[in-house]
Amino acid sequence: MYKILLVEDDRETASYVKSGLELEEMTVDVAVDGQDGFECFQKNEYDLVLLDLEMPRMNGEELVIKIRNINPYIDIIVYTNYSQFADIKKLVNLGINGYINKGPEADLRELINIVKSKLEPINEDAMKTLINGTDVMKVD
């Protein structure tokens with residue numbers, strides 16, 4: 001079972017997203033702001049972090065930096081209404097692994113599929129395609 005840290009200050013949105021992820025048999029811890037999210041991250045192990053950008057006490061950008069200092073490999077997906085291209089580009093450079101708009105057109109099923117695609121291991125067919133498309137030196 002995968003464990004997700006959801007950092008979202010809007011309790012209604014957090015409840016909605018948490019419920020959707022739990023239907024897919026994921027465990028979800030919810031933090032209500034960036035500082036709370038960082039404290040949860042320090043105390044627990046997670047497979048993925050899903051976070052908003054605009055939050056009290058510590059914004060999403062600051063949280064990404066702090067998480068990356070602890071774990072450079074964990075997947076971090078930003079889930080926010082904030083869509084300024086320059087800011088998203090900066091977050092990509094800081095190491096986020098995805099961005100999902102939670103605006104009026106937001107689709108919970110799309111969010112769940114993106115989260116699952118980050119978590120699920122590569123299947124055998126995809127692995128064969130990857131290996132066949134890679135130049136591998138044969139060692140005798």
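These legends describe views of a predicted protein model.

**View 1. Overall arrangement of the predicted model.** The protein holds six helices and five strands. Read from the N terminus, the elements follow the order β-α-β-α-β-α-β-α-β-α-α. Of the 140 residues, 36% are buried. The exposed area of the protein is about 8700 Å², and carbon and sulfur atoms account for 48% of that area. When contacts between residues at least 6 apart in sequence are taken, 63% of them link residues at least 24 apart.

**View 2. The five-stranded sheet.** The strands form an open sheet in the order β2-β1-β3-β4-β5, and their pairing is parallel. At the edges lie β2 (27-31) and β5 (98-101), each of which pairs on one side only. From one strand to the next, the twist averages 20 degrees.

**View 3. Pairing of β4 with β5.** Strand β4 covers residues 75-80 and pairs with β5 in the parallel sense, over four bridges. Within this view, I77 stands opposite G98 of β5. Strand β5 is an edge strand of the sheet.

**View 4. Helices α2 and α3 against the sheet.** Helix α2, residues 34-43, lies across three strands: β1 (3-7), β2 and β3 (48-51). Its direction is at about 160 degrees to β1. Helix α3, residues 60-70, lies across β1, β3 and β4. The angle between α3 and β3 is about 165 degrees. Strands β1 and β3 thus appear under both helices, with α2 also lying across β2 and α3 also lying across β4.

**View 5. The largest nonpolar core.** This core is made up of 20 residues. The residues with the most contacts inside it are L5, V7, V49, L51 and I76. At least two residues of the core come from each of β1, α2, β3, α3 and β4. A second core, of 17 residues, lies apart from the largest one. Among the residues of that other core are V17, L108, L111 and I112.

**View 6. Surroundings of I76.** I76 is one of the residues with the most contacts inside the largest nonpolar core. Which residues touch I76 once its neighbours within four places in sequence are left aside? They are V49, L51, V64, I67, R68, I96, N97 and G98. Two of these, V49 and L51, are also listed among the residues with the most contacts inside the core. G98, another contact of I76, is the residue of β5 that I77 stands opposite.

Methods
Residues are numbered from 1 along each chain as its sequence is written. This is a predicted model: local features need pLDDT of at least 70, side-chain atom pairs count only at pLDDT 80 or more; totals for chains, interfaces and linings use all residues. Side-chain values use heavy atoms; hydrogens and water are left out. Buried means under 20% relative accessible area, exposed over 50%, partly exposed in between (1.4 Å probe, protein chains only). Contact means heavy atoms within 4.5 Å. Accessible areas come from the Shrake-Rupley method with a 1.4 Å probe; for residues, only the protein chains shown count as cover. Two strands pair if DSSP finds at least two bridges between them. Axes are lines fitted to C-alpha atoms, for helices over the stretch in contact, and angles run from 0 to 180 degrees between N-to-C directions. A nonpolar core is a set of buried Ala, Val, Leu, Ile, Met, Phe, Trp, Tyr and Cys residues joined through side-chain atoms within 4.5 Å.
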